[in-house]
Amino acid sequence: FVRELATAYKVDFNFVDEKDGLTVLDFVQKRIYQANRQVPKPVATLIEFQAVYDAIVKAGGKHSENWLKKRDTYK
């Protein structure tokens, strides 16, 4: 559904959630990171998350600056 919103409807995903400080792109990236840490890796889920991520980027989605700062603590 999110991929369709990004490609067909050109929804603006560049808003920051007040509660967590993340954009939709940040949220999807966080999910990809979490899925990559699972053993065994959920390959089908990772493929879908990456497709959603790519569609949002193609539609102009951006990361919040807040996420860019938080991301360093997840390494």
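Which residues does Ala35 touch, not counting residues up to four places away in sequence? In this predicted model, the answer is Lys41, Pro42, Leu46 and Phe49. Two of the names in that little cluster, Ala35 and Leu46, also turn up in the largest nonpolar core, so the core gets a closer look below, after a quick word on the fold as a whole.

The overall layout is easy to sum up. The protein has 4 helices and 0 strands, and reading along the sequence gives the pattern α-α-α-α. There are 75 residues, and 27% of them are buried. The accessible surface adds up to about 5400 Å², with 57% of that belonging to carbon and sulfur atoms. As for how the chain meets itself, take the contacts between residues at least 6 apart in sequence: 65% of them join residues at least 24 apart.

Confidence is uneven along the chain. The mean pLDDT comes to 85, and 87% of the residues reach 70 or more. Helix α2 does best, with a mean of 95, while helix α4 (residues 65-71) sits at the bottom, with a mean of 60. Where pLDDT is low, the predicted coordinates should not be read in detail.

Back to the core. The largest nonpolar core counts 11 residues: Ala6, Phe13, Leu25, Val28, Ile32, Ala35, Leu46, Val52, Tyr53, Ala55 and Ile56. Both α2 (24-36) and α3 (43-58) supply at least two residues each. The largest share, 5 residues, comes from α3. Within that helix, Leu46, Val52, Tyr53, Ala55 and Ile56 are buried, and what covers them includes α1 (2-7) and α2.

Helix α3 also passes a simple geometry check. With 1.5 Å a residue, its 16 residues should span 22 Å, and the end C-alpha atoms are indeed 22 Å apart, which agrees. Just what happens after α3? The helix is followed by Gly60, whose phi is positive, near 100 degrees.

Is Glu48, a residue of helix α3, buried or partly exposed? Glu48 counts as partly exposed because its relative accessibility is 36%, which falls between the 20% and 50% cut-offs. Its C-alpha atom is 9.5 Å from that of Ile32, a residue 16 places away along the chain. Ile32 itself belongs to the nonpolar core.

The loops have their own points of interest. In the one between α2 and α3 lies Pro40, and the peptide bond leading from Val39 to Pro40 is cis, with omega near -5 degrees.

The loop between α3 and α4 holds Ser64. Despite its place in a loop, Ser64 counts as buried because its relative accessibility is 5%, under the 20% cut-off. Which residues surround it? Leaving aside neighbours within four places in sequence, Ser64 is in contact with Val16, Gly21, Leu22, Thr23 and Asp26. Two of these contacts can be described at the atomic level. The side chain of Ser64 reaches the backbone oxygen of Gly21 at 3.0 Å, and a polar contact of 2.7 Å joins the side chains of Ser64 and Asp26.

Terms used. Residues are numbered from 1 along each chain as its sequence is written. This is a predicted model: local features need pLDDT of at least 70, side-chain atom pairs count only at pLDDT 80 or more; totals for chains, interfaces and linings use all residues. Side-chain values use heavy atoms; hydrogens and water are left out. A nonpolar core is a set of buried Ala, Val, Leu, Ile, Met, Phe, Trp, Tyr and Cys residues joined through side-chain atoms within 4.5 Å. Buried means under 20% relative accessible area, exposed over 50%, partly exposed in between (1.4 Å probe, protein chains only). Contact means heavy atoms within 4.5 Å. Accessible areas come from the Shrake-Rupley method with a 1.4 Å probe; for residues, only the protein chains shown count as cover. The expected span of a helix is 1.5 Å times one less than its number of residues. pLDDT is the predictor's confidence in each residue, from 0 to 100. A polar contact is a pair of N or O atoms within 3.5 Å; within protein, one must be able to donate a hydrogen and the other to accept it, and residues adjacent in sequence count only if both atoms are side-chain atoms.
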